[in-house]
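Please open the model in your viewer and keep the sequence panel beside it, since each stop on this tour begins with a selection. The stops move from open spaces to a metal site, then to enclosed spaces, strands and a loop.

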Amino acid sequence: MQLLIVLLWFRHGTPEQVQTTRITKLCNTKDIVTVNGMYPGPVVYAQEDDRVIVKVTNESPYNVTIHWHGIRQMLSCWSDGPSYITQCPIQAGQSFTYEFTLVKQKGTLLWHAHVSWLRGTVYGAIVMYPKAGVPYPFTYPYKEHIIILGEYWLKDVVQLEKAVLASGGGPPPADAFTINGHPGPNYNCSNNDAYKIDVVPGKTYLLRLVNAGLNMENFFSIANHRMTIVEADGEYTKPFTTDRVMLGPGQTMNVLVTGDQSIGKYSMAMGPYMSAQGIPFQNISAIAYFQYLGALPTSLSLPARLPSFNDNLAVKMVMDGLRSLKSGHVPKEIDQNLYYTIGLNVQQCHSPTPQQNCQGLNNGTMAASMNNISFVKPKISLLEAYYNRINGQFTEDFPGVPLKFYDFVNGAPNNSPNNTQSMIGTRTFVLEYGTRVQLILQDTGTVSTENHPIHLHGYSFYVVGYGSGNYNPQTAQFNLVDPPYLNTIGVPVGGWAAIRFVADNPGVWFMHCHFDIHLSWGLASVFIVKNGKGELETLPHPPADLPRC
Ligand SMILES: [Cu+2]
């Protein structure tokens, strides 16, 4: 086991300081919060089974936390990072040291801020190599590149979240999509702000794709080149070759691309996948270049073809192609069957200033929920409240199935057909150590059906099935042989997904939509996994420097 020590500090440029955190994009100069002055942030390079120690110092004016997305955090729930779930935020001027082991993990994941909407600029890749001497199960690439998809706002993202929540309505679209922080030539003043990969003809490249965007899912493609998916969410897959991929926020994918076309300059494009109805979104693609040596830098690039923004079939085709390389340990017997609906709601607005605060549908305020309960963040971290038996912060009564069954895709949750309100609460579902769980995630059409990227902390899960419409156990088809092992699942629009995992990691684990706007609106829930027997099944004491609220 190697020890990897990383130091991260947050920065926010001020007029007095000349900082790399003052950046100019789209003809606009502003200060953004970054880590180590980098945007995207530094890459954490590590090896399977490494112990990673990261000291984070907050020199920004905002509260911050860092989440290590997809890291299993075996017996290290204190270092998971979601604010008010496993820790209170690191306040300005304070530090906290994250410490965890990459137990049997290899591939590409990401880290990002997990507080307000700071993930908009605070994100980076985690690259975990196999142990020394252990080869990849695919052609060894000539070179590898990290490709992080992002969204860029001209407004300060912390203020933006506050303004959107205060309005009661939906968020504005991003001002640009970005590839490794660069929007590319389709936007104002961005002709020279494009990312480029130099390609040696005939060589094969490994692209580590990461979606760090806030509120959009995205298609990605390369002109005239096919991609072979060999890994998803940090787990090897059977090779699957495709013209395009779709990644929701939080998802990662490793693809092989061979420079087997004629010498030239080829576009790599990132465009929107928007499955909901009636929502404004950024429809201009970010462009980067896949440029062969020998191509004239001034030559025109061949355009990459993206599916149309609402091409649900293109998404399904990629999903159908994802199979675990090995059979894995898919739970065959289930101890706990769960059924959670996911979707949006509209609450009655009681503001005395409705013009300002009731801009949701039907003059209400927008919300989102699981099992029609909108998650409310507690005042101190749930993990501390649970560990120290502090009363009054949460309840243990999250329902394992919806309180009312109806036509989820086409109906409304309450008695009156137009009553789309949710309940609110900080409810958790408690699991005994070792419970074999099956969870059906069911999209609702309460406001609009939509593909939601649902992320579970502390676990990867087998996606044993998915389909359209309401889940029907009589007709659902499951793959228990080689289902993909993921940490984030894009639940099909107007459909369902079935996931399975064994609750073998004690702690308090967040599960939520990885669209930040939906998370802000309450599309979240929490699993408490109890300790098992003995030291190896028991969460250790909290670290001494755990931030206070
Ligand atoms: Cu969502």
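Begin with the largest pocket of this predicted model, which encloses about 960 Å³ of space. To find it, select K104, E235, H329, Y462 and Y485, the residues nearest the centre of the pocket among the 27 that line it. Next colour β17 (235-242) and β32 (495-502), the elements that each give two or more residues to this lining; β32 supplies the largest share, with 3 residues. If you then colour the lining of the largest pocket by class, 13 residues appear as nonpolar, 7 as polar and 7 as charged.

Move on to the second largest pocket, which holds about 510 Å³ of space. Select K377, L519, S520, W521 and G522, which lie nearest the centre of this pocket, and then extend the selection to the full lining of 27 residues. At least two lining residues come from each of β9, α1 (157-167), β23 (365-370), β33 (507-513) and α5 (516-520). By class, the lining of the second largest pocket consists of 12 nonpolar, 11 polar and 4 charged residues.

The next stop is the copper ion. Which residues coordinate the copper ion? Show H452, C513 and H518 as sticks: the donor atoms are ND1 of H452, SG of C513 and ND1 of H518, and they lie at 1.9 to 2.1 Å. Along the chain, these donors follow the spacing H-x60-C-x4-H. Because H452 belongs to strand β28 (residues 452-456) and C513 to strand β33, the pair ties together parts that are 61 residues apart in sequence. Switching on a surface gives a further view of two of these donors: H452 counts as buried because its relative accessibility is 0%, and C513, also at 0% relative accessibility, counts as buried too.

Now turn to the enclosed spaces, of which the structure holds 4 cavities of 30 Å³ or more. The largest cavity contains about 190 Å³ of space, and selecting M246, Q251, M253, M319 and L322 will take you to the residues nearest its centre, out of a lining of 16. Colour β19 (252-258), α2 (312-321) and β31 (488-491) as well, since these are the elements that give two or more residues to the lining of the largest cavity. The largest share of that lining, 3 residues, is supplied by α2, and the classes represented are 11 nonpolar, 4 polar and 1 charged.

The second largest cavity has about 70 Å³ of space. Select D31, I32, V33, D156 and V157, the closest to its centre of the 11 residues that line this cavity. Both β3 (28-31) and α1 supply at least two residues of its lining, so α1, already coloured for the second largest pocket, can stay highlighted. Here the lining divides into 6 nonpolar, 2 polar and 3 charged residues.Two strands come next, and side chains should be displayed for both. In strand β7 (residues 66-69), I66 and W68 point one way while H67 and H69 point the other way, and all of them are buried. Now add strand β9 (residues 107-113), which runs antiparallel to β7 and is joined to it by 4 bridges; in this pairing, I66 stands opposite A113 of β9.

Strand β5 (residues 44-47) also has side chains that alternate: V44 and A46 point to one face and are buried, whereas Y45 and Q47 point to the other face and are not buried. To see the neighbour of β5, select strand β10 (residues 123-129), which runs parallel to β5 and is joined to it by 4 bridges. Within β10, V127 is the bridge partner of Y45.

The last stop is S190, located in the loop between β12 (176-179) and β13 (196-199). Is this loop residue, S190, buried or exposed? With a relative accessible area of 1%, S190 is buried. Display its surroundings: apart from neighbours within four places in sequence, S190 is in contact with L26, P183, G184 and P185. To end the tour, draw a distance from S190 to P540, which are 350 residues apart in sequence and 50 Å apart in space, C-alpha to C-alpha.

Key
Residues are numbered from 1 along each chain as its sequence is written. This is a predicted model: local features need pLDDT of at least 70, side-chain atom pairs count only at pLDDT 80 or more; totals for chains, interfaces and linings use all residues. Side-chain values use heavy atoms; hydrogens and water are left out. Buried means under 20% relative accessible area, exposed over 50%, partly exposed in between (1.4 Å probe, protein chains only). Two strands pair if DSSP finds at least two bridges between them. On a 1 Å grid over the protein atoms alone, a cavity is a set of points where a 1.4 Å probe fits but cannot get out, and a pocket is an open set with protein on both sides within 12 Å along at least five of seven lines; lining residues have an atom within 4 Å of a point. Grid points are joined across faces, edges and corners, and a volume is the space filled by probe spheres set on the points. Ala, Val, Leu, Ile, Met, Phe, Trp, Tyr, Cys and Pro count as nonpolar, Asp, Glu, Lys and Arg as charged, and the others, Gly among them, as polar. Donors are N, O and S atoms within 2.8 Å of the metal (3.2 Å for Na, K and Ca); water is not among the atoms, so sites may look incomplete. Contact means heavy atoms within 4.5 Å.
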